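Good morning, colleagues. Please look at the sequence and the model on the screen while I take you through some selected places.

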Amino acid sequence: MLKAVSYPSVQTCVRMLAVLAAFSPAPTSGWVATTACRSLGGLGSRWMSLSARTRASCGTLATSRMARGLGSVQMRGTESAHGQPPWPRIVIVSRRHLRKNKQVDFVGEYHIDLLQRYGAVPILIPRTTATTQQLEAYLVGGIDGVLVVEGNDLGAEYKPYGSEVSMPNDKKDELFNKHPGDMDIDNAKDALEMELIRKEVIGKGVPYLGLCRGSQMLNVAMGGTLYFDVSTEVQTSVKHIDYDNYDGYRHKIDVVPNTPLAGWFEEEYKAAGRKSFELQVNSYHHQGIRTLAENLEPMCYCQDGLVEGYYDTTMHEPSQGKYRVGLQWHPERMLGDYAGCARVYQHFVEAAASHRRLILEREKKVSRMRIVGQAVVHVNPAQKHHHVRRDLSLRSETKRE
C-alpha cells in the first residue's frame, strides 16, 4: 500500500494519480493511461510489459488498494450504490401465447412478484429462436438462480420418456385433442432452458427452482424419466388436471418428514407431531415423474404414488448458495392457502443471494496484489522547493484455491 508522504509536491500527487489510472482495468481515457505510463518511467514500462491478462486480473484490486490512501471508495461489483450487497440475478425464460393472432412472450407476475419481494432481480429471457444464439449476452455478469416454470411438454429429442412411448397413434391423437396447449412443442424454449440447466445449474451449481414443467425438465436433464400421460399409464383415480375447475381444483399430497418441504410448511409439520402430513395442492399437469434421477430425493407424493416434489440431497444448503428443488404443483398460486408456499421462493432467493456473496468473496481471494510504495522527500531550504525521489515496486501474489 502507498505510505503517507510528508510534504508532497504537486508532481508527487500527479504521479500518484497516474499510477491509479495506469492500474485501472478500464481507464476512462486512453490519453490518461498513456501519459501515466510515460510519466512513471521505469514502472510504466514494467507494467506495460505484463500480459493483458495479468493486468486485467490484478487491475481492480490494485485500484482499490491504492485508492484507500486517497479516500474511501467501493470495490467495483461488491456493493450497490446504497451500500447494500448486489441484488441476486435470477433468470426466467418467457412462454409464448397467441393473442389477437400474434405470438406474445410472457412470464406470470406471480413469479416476478415473489422474487422481487425477497430481494432478487428477475432477468426475463425471450423464448425466440434468435435468443438461442444470444443467450450468453443475458448472462454477462453472472447469474445466481434459474427459475423454470409452467409450459409445454418437453421435446422428444431430450428422451424424456426413456424409450419410445408404446402408445397407439389414435390414442396420441386423442391426448393431443385433450391437451392441445401442452402437447405443442416449443423448440426454442426447450433449447434455452435445457442449456441453462445443463451449463449453469448442473455445470456450475447455480440455485434452481423448477415448478411443474420445471420439475420435469431438471429430472430429465439429470437422467430421470417421465410418464407421457399420467391418466393413461398410471392406474389412478386422482385427477391431475381439471379443466372445468382449473384454479380451484386441489388433490392431497403426503409430505415426507425431515425434508426441506416439511420445514417450509412448519405450521402443518408441527401440528402433525413432526411426522408425515397432508397438504391440498393445485394440479395442472398431464405428465409426471416416472423415475427420479440420481441424488434427487422425494419430498412429497400424491396418493396414487406419483412423486409431486423432490430436492437434490447434495445441493441443498441455502446459506451456502445451494438449492435444487422441483415441485409438480404451483405454490405461487396458493399463497392464501399456506404460509409455506411463499417460503419456497424465500429460501430460493436466500440461496441466490448467498451464491452471489460467495462468488464475490472467492474472486477477492483468487488474485491478490500488493503495491509497495515509498516516496522520500528531500527538502532543500536554500532552493525552497522539494526534490522527490520515488521508489515504487510492484509485487503480485496469486493464490489458487
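Leaving aside its neighbours within four places in sequence, Arg-324 is in contact with Val-201, Ile-202, Gly-205, Tyr-208, Leu-218, Met-222, Tyr-310, Tyr-311, Asp-312 and Met-315. Arg-324 belongs to strand S13, which covers residues 324-327. Is Arg-324 buried or exposed? With a relative accessible area of 6%, Arg-324 is buried, since the limit for that term is under 20%. Please bear in mind throughout that this is a predicted model.

One of the contacts of Arg-324, Leu-218, takes us to helix H10. This helix spans residues 213-221, and eight of its nine residues are buried, so H10 is largely enclosed by the rest of the structure. The buried residues of H10 are Arg-213, Gly-214, Ser-215, Gln-216, Met-217, Leu-218, Asn-219 and Val-220.

The backbone on either side of this helix also deserves attention. Cys-212 is located in the loop between strand S6 (208-211) and H10. Although Cys-212 is not a glycine, its phi is positive, at about 60°. Cys-212 counts as buried, with 8% relative accessibility. Just after H10, Gly-223 has a positive phi of about 110°.

Another loop residue with a positive phi is Asn-258, for which the value is near 60°; this residue, too, is other than glycine. Asn-258 sits in the loop between S8 and helix H12 (260-264). Is Asn-258 buried or exposed? Its relative accessibility is 67%, and Asn-258 therefore counts as exposed, the limit being over 50%.

I turn next to His-240. This residue is found in the loop between helix H11 (230-233) and strand S8 (251-255). His-240 is buried, with a relative accessible area of 6%. Which residues is His-240 in contact with, leaving aside its neighbours within four places in sequence? They are Val-230, His-251, Ser-283, Tyr-284, His-285, Cys-302, Asp-304, Leu-306 and Glu-308. As for His-251, it is eleven residues from His-240 in sequence, and the C-alpha to C-alpha distance between the two is 7.9 Å.

Tyr-284, a contact of His-240, brings us to the aromatic residues. Ring pairs link Tyr-284 with Tyr-243 and Tyr-246 into a cluster. How many aromatic pairs does the structure hold? There are eight. In one pair, Tyr-269 and Phe-277 are tilted, at 5.8 Å centre to centre and with 40° between the planes. Both Tyr-269 and Phe-277 are buried.

Let us now consider the nonpolar cores. The largest of them has 38 residues, and those with the most contacts inside it are Leu-115, Leu-147, Leu-209, Leu-261, Phe-265 and Trp-329. Which helix gives the most to this core? Helix H14, residues 340-366, does so, with eight residues. A second, separate core has 32 residues, among them Ile-123, Leu-154, Met-217 and Tyr-310. Met-217 is also one of the buried residues of H10, and Tyr-310 is one of the contacts of Arg-324.

Returning to Leu-147, its contacts, apart from neighbours within four places in sequence, are Ile-90, Val-91, Ile-92, His-111, Leu-115, Leu-209, Tyr-345 and Phe-348.

A hairpin comes next. Strand S2 (residues 95-99) pairs with strand S3 (residues 102-106) in the antiparallel sense, over five bridges. His-97 has Val-104 in S3 as its bridge partner. Two residues lie between the strands of this hairpin, and Lys-100 takes a positive phi near 55° there.

Let me now give the overall figures. The protein chain contains 14 helices and 15 strands. Of its 401 residues, 45% count as buried. Among contacts with a separation of 6 or more, 72% are between residues 24 or more positions apart. The chain has an accessible surface of about 20,700 Å², and 50% of that surface belongs to carbon and sulfur atoms.

Finally, a word on confidence. The mean pLDDT of the chain is 78, and 69% of the residues reach 70 or more. Residues 1-47 have a pLDDT below 50, and this stretch has 65 contacts in the model beyond near neighbours in sequence. Residues 369-379 are likewise below 50, with 45 such contacts.

Terms used
Residues are numbered from 1 along each chain as its sequence is written. This is a predicted model: local features need pLDDT of at least 70, side-chain atom pairs count only at pLDDT 80 or more; totals for chains, interfaces and linings use all residues. Side-chain values use heavy atoms; hydrogens and water are left out. Helices (H or I, at least four residues) and strands (E, at least two) are DSSP runs, numbered from the N terminus. Buried means under 20% relative accessible area, exposed over 50%, partly exposed in between (1.4 Å probe, protein chains only). Contact means heavy atoms within 4.5 Å. Accessible areas come from the Shrake-Rupley method with a 1.4 Å probe; for residues, only the protein chains shown count as cover. Two strands pair if DSSP finds at least two bridges between them. A nonpolar core is a set of buried Ala, Val, Leu, Ile, Met, Phe, Trp, Tyr and Cys residues joined through side-chain atoms within 4.5 Å. pLDDT is the predictor's confidence in each residue, from 0 to 100. Rings of Phe, Tyr and Trp (its six-membered ring) pair if their centres lie within 6.5 Å; planes under 30 degrees apart count as stacked, over 60 as edge-to-face and the rest as tilted.
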